[in-house]
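User: I am new to reading protein models. Please take me closely through one part, and then show me what lies around it.

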Amino acid sequence: MRLTCTVNGERQEVDCAWGGESLLYVLRERFGLRGAKNACEQGECGSCSVYLDGTLVCACLVLAAQAEGAEIRTVEGLAEDDRLHPVQEAFVQAGAVQCGFCTPGLIVTTHDLLERSPHPSDAEIREALAGNLCRCTGYEKIIDAVKDAAARLG
Amino acid sequence: MQVLSPATWREALEAKAAHPDAGAIQGGTDVMVELNFDRHHSATLIDLGRVTELCEWERDNGRVRLGAGVPYARIVAELREPLPGLALAARTVGSPQIRNRGSVGGNLGAASPAGDAHPPLLAGGAVVEAQSAARGVRLIDVADFYLGPKRNALEPDELIAAVLMPVARGPQQFSKIGTRNAMVIAACSFAVAFDQTARTVGTGIGSAGPTPLRAAEAEAFLAAALDERGAWEGGRRLDAGTLERFGELVSAAARPIDDVRATAAFRRHALGVMAQRTAAWALDLSLEG
Amino acid sequence: MSQTPTLPAPVYPREAPARDGVGASVRRADARLKVSGGFDYSSDLSADQALWGSTVRSPHAHARIRGIDIAQALAHPGVRAVLTHADVPGAKCYGLKVADQPVLASDVVRYHGEPVALVAADHPETARRAAAKVIVDYEPLPPLVDPEQALGADAPRLHPDGNVVKHVHLERGDVAGAAAQADVVVRGTYEVGMQDQAFLGPESGLAIPTDTGVELHVATQWLHDDRRQLAACLALPEEAVHVVGAGVGGAFGGREDLSMQVHASMLALHTRRPVRIVYGREESFFGHVHRHPARLHYEHGATADGRLAYVRGRILLDGGAYASKSAAVCLVASGTAVGPYVVPNVAFDLHAIYTNNPPCGAMRGFGAVQTCFAYEAQMDRLAEALGIDPVELRRRNAIETGSQMPTGQRVDGPAPVAELLERLQAMPLPAEPAAGAPRDLRELPGGVSNTTHGEGVRRGIGYAVGFKNVGMGGGVDDYSTARVRVSEDRGEPLVEVHTAACEVGQGGITIHEQIARDELGIQRVVVLTPDTSVGSAGCTAGSRQTWITGGAVKTACEAVRAELLRRAVERCGASDTALAVKGGAVVADTGALLAPVAELVAGDPIDETREYRPPRRTQPLDENGQGDSFLTFGFAAHRAVVDVDVDLGLVRVVEIATVQDVGRAINPLAVEGQIEGGIAQGLGLALMEEVQVRDGIVRNPSFTDYLIPTILDMPPVRTEILEYPQPLAPYGLNGVGEPPTIASTAAILSALRAATGRPLTRVPVRPDDIVEMQAA
């Protein structure tokens, strides 16, 4: 099965060996974009969060064939050249990264939240990030990072 | 495995007619889990993601026709006023990522008793619009749609086009139990809908039986009590015993089991509490004595 | 070092910006890569021609294997190998302490999920489908799942030496005498469910065949112990097995035991191709050990003025099918059995038992988490029986420096237990919600699930103190190795730190970088990828790496510095004043510059490797549970404020406050991260986390039904950090990783009891335990 889509602004074309391959598998194994992580494969952890045609989704729950013709944006597509996106910079500075396995998903989810709501309340942050599990930080520094990112983005 | 990607609803129905064993996938929030966990074995999948008609809703004649593929996030954002019970339930579905993809059609197709949309669909008197290439549209009362755990009334050549839901004619509520404060599958759930025009009460019980259930006796009891008290417009005082009895009847209508999410006894208990609370919130009732 | 092996790559780019030394909240150098998605975890590694491995696992908790038929699997298109126990080249079993766990089961399976066969194929889906075609002929046997029953004399033996992995009899003073005189006695039986580490990055790795053996890139906690076990099972000399630390997606104890290491290596050696094995979440639940479930029987006696007279009890730890770390868990449970309190008379029997439940082993705070839940519940019960404030009762009995533990060991380091409690009690409480005001659902039990608008909600406050030993105890030779190299790079000095310490997310690489920067006065420090080409660093466990590997880095830096000074003197002549390395140069304490480091090492790098051992050797416990078994201890106290819906049994934790003594915070930001993260895991155990096992079968191996706290479950944390220098440790630091996980659970339970009046003797608490239900 042939799949054509745009990933982080670049047109990509690839053959999938198996019809059941997820977008996550294709991103990681066929496009070599390993930023989206494989932590649960059932949409319960948010580690594989990416944009699919501008909508925040779990890449593990998208059938690769469903991404035909779609525009996909991953964590690798947020930084500009060597400059981190303000959301990424905020996560570094706030100490919101430990093992970091959940981090790419949280970065994309935070990016999505702040696009929709530039100055979220604490409760709004928590509800928006509730689909992204983190096992290391206890989330405290993640909330700090989201607020800092909001401030950086003005 | 073969994936068919029809571009129109008509093509989708033809594909389903040609492949009656095929599974359907839309948001993928159920089907992909089965695929990833090696529990999905149909040789063909029909991807409905390109069928734009499925992602539309319209309101006319006191009713919302909700396309089967409208994601929960849009139900929360756009349908709070006409379908408040469903919107409340939609907000509790999974996570933002899941609500961006999951849809009522998916809940109905999967027919898991734990699906969050089922109780408000039951309480609100929804009708499922099924369709096949051969026989056209077939309307199925949602209460007749659920046949058993993960079994529904669709024929092999049918797909779900939409859900027809009366615009709320009174307050509606939804409540769901889980041992986590977000992103949790219902241990049990309850919806109630008051039709202040027809003077009827609708209920729906989730995750406490082999299928989603209505509590018909409880509905009749509460409607009668409201009639008797003249309390249909809400804000009235109602004796505690009435709500308690309503809760007991809701509990009694459940057919729960023990599983990893809760015990049967707790499910019954919690349904009783939720029934009382949601009814009181809906009608802004205060209790006597 | 006379010989200079090639250096591994750095963990992060060499251009990482320079920052500060010990005591500063230095940002992690790997964070930039992690936020960009470019950091390589073990599941991200690939190689040309790599195959995918898949594991066939037992669906039974206990069964005899009558035969294994691999023919159909082998014939599946795309399959390159199918291996069974017969193909294990060397030792058939492995283990951290006892080699009792089969690489692949041969005649019997002892737990649900035990590996039986392996498949390698071109595509992961092909491997998975072929694995399903391996036909194993099982004769199911009755599973032995109750540890009490397994302990019985007539129970079937699961292992040749019986069902007891470890027994500790602990006796001190005269319990019978004290019991006869106690004014108040309280008893209780407590249970702890099976918690999972639930690290987010499932087990994974890449094995590459080499000319002489195998190179394995893997997410693990101890490279050298992996290598020791791998070499034995593969029948290779240790030198032929090269283990490289790949990016780790969390560990928390769950990566101490082997998982896919031998399997991937066997497949790679067999096929002569690189092999990746990447577990999914479901397999991960079967791929690693869990926290020991425990049943704890306690009896506390006290005098009327609230002094503990005696504690006696019995603790059963369910070790599951294989030994793993059961003995160490039992040791820690012994040492922490009565809590951080002075108790003159103590008698305990502790057993870790083999059953047909999933194997249990290391998880953050092991042994101490289980006991703390029980002894703190007992302290609350005792306080109530005595009519004394529970915090006051704890303060009155708190150990301090110089106190003797039930194992006879004197606490010679800081033990500010009373102060922790006093400071905790003095911290402000979160505001009570205004009566009658509408409340945001997200701040109520149940959250947006809309279960209450305030009805049935009661607030409770609870306190608990926990402690655990730091470092490896019980006589283990605890040491680490560091290699530090200073060279000239583009006209500037560059420090490279090479250890085998596994960075599992805690920030060890940052700590080691800070230490090197401080010791050598050189800004540019990079930490290299850990591997087995340098000496062992020991396990990233027991809150020990900052101290032990940090100590090794410091010691190696001191050697490097001595050589730098020697070279400076050699070049510039002897100096009258003391010399130091500062700002990248050797300087006299007058401030005069002798020589830039870059010049001293140009063309002739300094490369020193040193081992570090802490100044105390521990001992095993004797037959009465006596001995100086622990290096030292770390203490933390927690206060939980909870809102609980007493009608529905749902809980929202409003706030956790904590005071912890950390010796010295080498990196305060990282210390806070450990505290907050540890508390979240304690909250999970208190309220939701349990691997549910019935008749040996795991019923919830997924993140749908094994729930860990979300950001809506975790409350704000109010933290106060004390820094009483630990005299045995470099810089006065102490281990900080485990104490936060220990008492947070107990504090939440205490708060729940205060709010509900229910006994709540089991964690995780289920809604059923909280609500009073009508008889069904």
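Analyst:
**A helix in chain C and its surroundings**

Start just past the end of helix α7(C): there, C:R272 takes a positive phi of about 55°. Remember that this is a predicted model.

Now step back into the helix. Helix α7 of chain C covers residues 261–271. Is it mostly covered or mostly open? Mostly covered: nine of its 11 residues are buried. The buried residues begin with C:Q261, C:V262 and C:H263. C:A264, C:S265 and C:M266 are buried too. C:L267, C:A268 and C:L269 complete the list.

How far can you trust the chain? The mean pLDDT of chain C is 95. In chain C, 97% of residues reach 70 or more. One stretch needs care: over residues 14–18 of chain C, pLDDT stays under 50. The model has five contacts beyond four places in sequence for that stretch. Where pLDDT is low, the predicted coordinates should not be read in detail. For the model, ipTM is 0.98 and pTM is 0.97.

Next, look at a sheet in chain C. It is open, has six strands and shows mixed pairing. Its order is β9-β18-β17-β16-β10-β33. Strands β9 (164–172) and β33 (762–763) of chain C stand at the edges. Each has a single partner strand, so one side of each is left without a neighbour in the sheet. A helix packs on this sheet: α9 of chain C, residues 326–335. Helix α9(C) touches β9, β17 (308–320) and β18 (345–354) of chain C. The direction of α9(C) makes about 15° with that of β9(C). At the β33(C) edge, the partner is β10(C), residues 184–192. These two strands pair in the parallel sense over two bridges. C:V192 has C:V763 as its bridge partner in β33(C).

Then turn to the nonpolar interior. In soluble globular proteins, nonpolar side chains tend to be buried together. The largest nonpolar core here has 411 residues. Which residues have the most contacts inside it? They are A:A59, C:V642 and C:I748. Take C:I748 and leave out residues up to four places away in sequence. C:I748 then touches C:G462, C:A640, C:V642 and C:V653. C:L683, C:A686 and C:L687 are also touched by C:I748.

Chain C also meets chain A. That contact takes 46 residues from chain A and 49 residues from chain C. On the chain A side, α2 (86–94), α3 (103–116), α4 (122–128) and α5 (140–153) each supply at least two residues. The largest share, four residues, comes from α2(A). By class, this side of chain A divides into 23 nonpolar, 14 polar and nine charged residues.

Chain A touches chain B as well. Here 22 residues come from chain B and 25 residues from chain A. On the chain B side, β1 (2–4), α2 (31–36) and α5 (96–99) give two or more residues. Helix α2(B) gives the most, with four residues. This side of chain B has 10 nonpolar, 10 polar and two charged residues.

Finish with a sheet in chain B. It is open, with three strands in the order β11-β12-β13 and antiparallel pairing. Strands β11 (172–177) and β13 (200–206) of chain B stand at the edges. Neighbouring strands of this sheet are turned by 10° against each other on average, direction ignored. Strands β12(B) and β13(B) pair over seven bridges.

Note on methods: Residues are numbered from 1 along each chain as its sequence is written. Chains are lettered from A and ligands numbered from 1 in the order in which they are written. This is a predicted model: local features need pLDDT of at least 70, side-chain atom pairs count only at pLDDT 80 or more; totals for chains, interfaces and linings use all residues. Two strands pair if DSSP finds at least two bridges between them. Two residues are in contact if their C-beta atoms, placed from the backbone, lie within 7 Å. Axes are lines fitted to C-alpha atoms, for helices over the stretch in contact, and angles run from 0 to 180 degrees between N-to-C directions. A nonpolar core is a set of buried Ala, Val, Leu, Ile, Met, Phe, Trp, Tyr and Cys residues joined through C-beta atoms within 7 Å. A residue is buried if 20 or more other C-beta atoms lie within 10 Å of its own, exposed if 12 or fewer, and partly exposed in between; C-beta atoms are placed from the backbone. Ala, Val, Leu, Ile, Met, Phe, Trp, Tyr, Cys and Pro count as nonpolar, Asp, Glu, Lys and Arg as charged, and the others, Gly among them, as polar. pLDDT is the predictor's confidence in each residue, from 0 to 100.
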